[in-house]
Amino acid sequence: MALSEPSPVPARGFVSAAVLVWGAIAATVAALLVRDPVPSDAQTLIYSAAVLPMLGVMGWAVLRRPLWARGAWAVILLVLLLHVVGLLVRQFTQGGQRSGDLTTAGLADAVFAVAYGTALAAFVIMVRKVRRRPEPLWSIDATIAFIVVWTLGAELILVPLAAQGASWFPMGIQMFYLSVNSGLVALAVRLGLTCAKGINRALRLGLLGVSIFAVNDIVSTSGLITGTQVGVRNGVYTALNIVVIAFSAAAASDPTSWNAPSKTPHEGRLSPSRAVLAVVLVFIVVATVAYQFTDEPGEIGVLLLFLVGLLIALLGARSVALVSAYRQLVRRETSLRSATARMLDAEQSEGIDVAFDQATRTLLPDDRLTWRWREFEAPQVSSEAGKVTLDQDPAPVGDGGLIYYRYGFALEGDELVVELVTGLLLDPLDWTGEQALVETAVQARARQRLREEREQAAEAARMSGMLAGAQDMVVLVDENRYIKQAMGAVADLTGYPPDYWVDRQLGGLFEDDSEVLQQVASGGRGRKRVLTRLSTTAAAVEATVVTSESGEVSVSLHDVTDRLKLTSELEYRAHYDVLTGLPNRTYLESLLAEHSQRWRAGGPPFAVIYVDIDDFKVVNDSLGHRLGDALLSALANKFSLAVRDRGVVARLGGDEFAVLLPDSDVSAALELGEHLVNEVLADPLTIEDVEILVRASAGVAASEDRHVSDGETVLQAADLALYDARAKGKGRVAPFRAELMDLAARKLHDANAVTAAARERAFRFDYQPIVNIESRDVVALEALMRWDRGQDLQRPDAFIPIAESLGELTRMLRDALPTALLHLRAWREAFGEVRLAVNVHAGALADADFVHWLTGAIAEASLPAEAVIVEVSERSLVPVGADRTLTSLRDAGVPIWIDDFGTGWSNLSSLERLPVTGVKLARELVVDDAGGVKTELVSAVLQLAEAVGFVVTAEGVETTEQMEQLARLGVTVVQGFLVGRPMSAADAQEWLGRFGQSKS
């Protein structure tokens, strides 16, 4: 877009200057010659002859010059012509005499009334053509000017008329003229606030003339009313009228009259001179009205007092608007600081532009301002780096907008320029803020360019260092794709020295040169990477083709052979088991997905055999993990040889294997599964001279089953069948059954229910008595865990195994035991030395913090350590650390009993080394199927207990005969339904009371 360059200095106006000189001469002559109160016909004609040339110049300007608001200027010309016509009519029809008493109105008065109204309309048109953002202070200052002029004019005109007893007609006429004059002054103020001091010289000259005309008319009318209109004063009045016409004609013919106020800078709203002037004018009006108020008639006095009050209110409103402007300035300063920081921190040109745009829209939300970067056209930027040239005068553009600001920044002959384009004028606050934004944006752009140049220099330095001995190879290529220079690790990569490749075709470097040559031929600046291999060493390289701004092409070759090898190894590890070399679970799942897709598309069915080694943990624990891994490798080999090309053997993890059988049904899979489990593993395996007989269980499922939907569910179904095979006995193969899914779902439901109940502390203890049948003392109350919901899983044997497998049993014990200890303390206070027997599972014994917690809970309940008996099952003695935990409990004074003795894995000889103080004989060891006592077994245990000093408790005593037989054998402590069933804490307390009474 072609841009017209603005000129900071207004053009000279020779015609307007000549008009002003002519007007000054005519005004001087009028002031000296006119002495009569009533001008003569000759004086009137001379006056007309003096002003008509000026009006002619003004008419020429309106018709032939590109005036701003041409229509308004035409109306002003008409007003001035009507003024001259009115003077001529009054001179030659009314004898040149103005209406002294103002009680009548002639033709001249009608002409003047039309002229006054038309003048007012002209300036209203001008104000409406000014495109500016609303500024309250403009309207307030214009209103203050109107009221000040009207009030002072009322003192000079209306008050004397009222004192003379004038009727409503002359009072109305003078109010009309006074209102028009006040309106002209107010509109002149309103337009003047939007004008520049220099570039709008014409409009300011015209507005000054309007103001002189209004004041002159008010003063002249006041002299006519008061009778002080003399010849000298009449001469001054005539001279001032000539000056007004000269100012108007000079303004219309001045070149600056082409500039609209909205295209030029104007005074700021924070101008102190404007504020002082407003206060002084209000003070003058208030003082004048207060001084003369006592002599003024009632109606006029009330009106003037009202105007004084309105002036004071407007002055207050102006102060509020001024404070608001200051606050807006503070907010803008904060916004500018934030935007400056964002622009200076931006790393890319886009970030600078975004920050600049956001800040501009915050600063000028209503101005529809646009901006752009462009090449600097005018030679206004110094060649000195960093030199700034500002262009602060707006210039019009073709779209009706305004280029308001240019900012140039020169850096080594390269310029950056930003242009702001707006249709509305910026006030000084906006101007200052936008100037700071633009300067920061350009500086940020310059810094970004410097940073890019530094990066390019660093890249060049890096390339230079690379040439000296880096691992990459770089070749420069001419326009015919011949190698001009080879640098870097040329010999290491190709096996030939750099000179060997000079003047050879670029394609000779590669096994397949098509992709590299295609990237070279594509052109365009930037980098393009291609993976290929060298022709001489077959090394894999990453070829980066770089085309510089000058068009020079370089190809950088980076050896990626090791990287590709590592990628291949990682790919292998992602799909194959490192130990056995078999496909892993991930690879198997992908194969299952493929076969599932074929099956759903009408392809052949497929089956899965899920194999798990029985008791493999025993091998690891007894022979070590190294032999265990060797055993897994041997098993993988045997399974692969047995399956061969019938399917794919995969290791799922640990000691679990799976066999995918494409194009197979359940019967074929069962046959192969039986072969793997019973025949392949029939003979022992020899691992490092150790013979190991391996047993395995397997589950089989196929895609034909309607309960499976894809490969993943087929594998899941085979896993469920495996668990079913183990439940029926190890070393078996079982097919999938639909009810297995229901069983698994129930187990999951039960597990979720137990977990939720544990977290909600829904478990409590019931209590079953243990008594001494000789002394009839209560030895202890055994705490038995209960789920207090009255539905499924209420009995311990239903939920305890689930809770233990989920690791929730320790939480349940810790939640419920403190309450049981409080019950125990109450029972001991009421009934004597009662103890509490608590079952502790294997998981708690393996917890390093269990001893500390238990002894702390006992102490917190104010109980002695011996008041709590810890009962452990025989299988709880297996975990590592169980002996250490029991020893710590015994050392703390807590008695240890073995629960359900005779049903687990412990042997009698180990009892002596365990920190045990008693055993509880399981009911299976005490009572036979007929309900009688197993005399021999009980006697043997009693003899052992007597030898090591154990307390023996017989469980499951339900009849008097059983208790009498046990007593004859020497058993003194019993537990069972005969003594008491498990009961709640309240029932236990009641039972203890009854037992104590029966004893007494």
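Trainee: Which residue does the side chain of D724 meet in a salt bridge?

Mentor: First, this is a predicted model, where local features need pLDDT of at least 70, side-chain atom pairs count only at pLDDT 80 or more, and totals for chains, interfaces and linings use all residues. Residues are numbered from 1 along each chain as its sequence is written, and side-chain values use heavy atoms, leaving out hydrogens and water. A salt bridge puts a Lys or Arg side-chain nitrogen within 4 Å of an Asp or Glu carboxyl oxygen. Here the N to O distance is 3.3 Å, and the partner of D724 is K728.

Trainee: Is D724 buried or exposed?

Mentor: Buried means under 20% relative accessible area, exposed over 50%, partly exposed in between (1.4 Å probe, protein chains only). Its partner K728, at 48%, counts as partly exposed. D724 has a relative accessible area of 10%, so it counts as buried.

Trainee: How many salt bridges does the structure hold?

Mentor: D724 and K728 give us one of them. R764 and D766 give another, with their closest N and O atoms 2.2 Å apart. Altogether, the structure holds a salt bridge count of 16.

Trainee: Which residue of the R764 and D766 salt bridge is buried?

Mentor: R764 has 28% relative accessibility, so it is partly exposed. The other side of the pair sits at 10%, so the buried one is D766.

Trainee: What is the relative accessible area of K920?

Mentor: K920 pairs with E955 in a salt bridge of 3.4 Å, N to O. E955 is buried because its relative accessible area is 11%. K920 is buried too, with a value of 0%.

Trainee: Which residues join K920 and E955 in one network of salt bridges?

Mentor: We just met the bridge between K920 and E955. Salt bridges that share partners link this pair into a network with E782 and E871.

Trainee: Which residues does L817 contact, leaving aside neighbours within four places in sequence?

Mentor: L817 belongs to the largest nonpolar core, which has 74 residues, and is among the six that touch the most other members, alongside F765, Y767, L821, L836 and L966. Such a core is a set of buried Ala, Val, Leu, Ile, Met, Phe, Trp, Tyr and Cys residues joined through side-chain atoms within 4.5 Å. With contact meaning heavy atoms within 4.5 Å, the list for L817 is F765, L836, V838, W853 and L854.

Trainee: How many residues are in the second, separate core?

Mentor: Its members include L67, L82, A119 and A246. The number of residues in this second core is 58.
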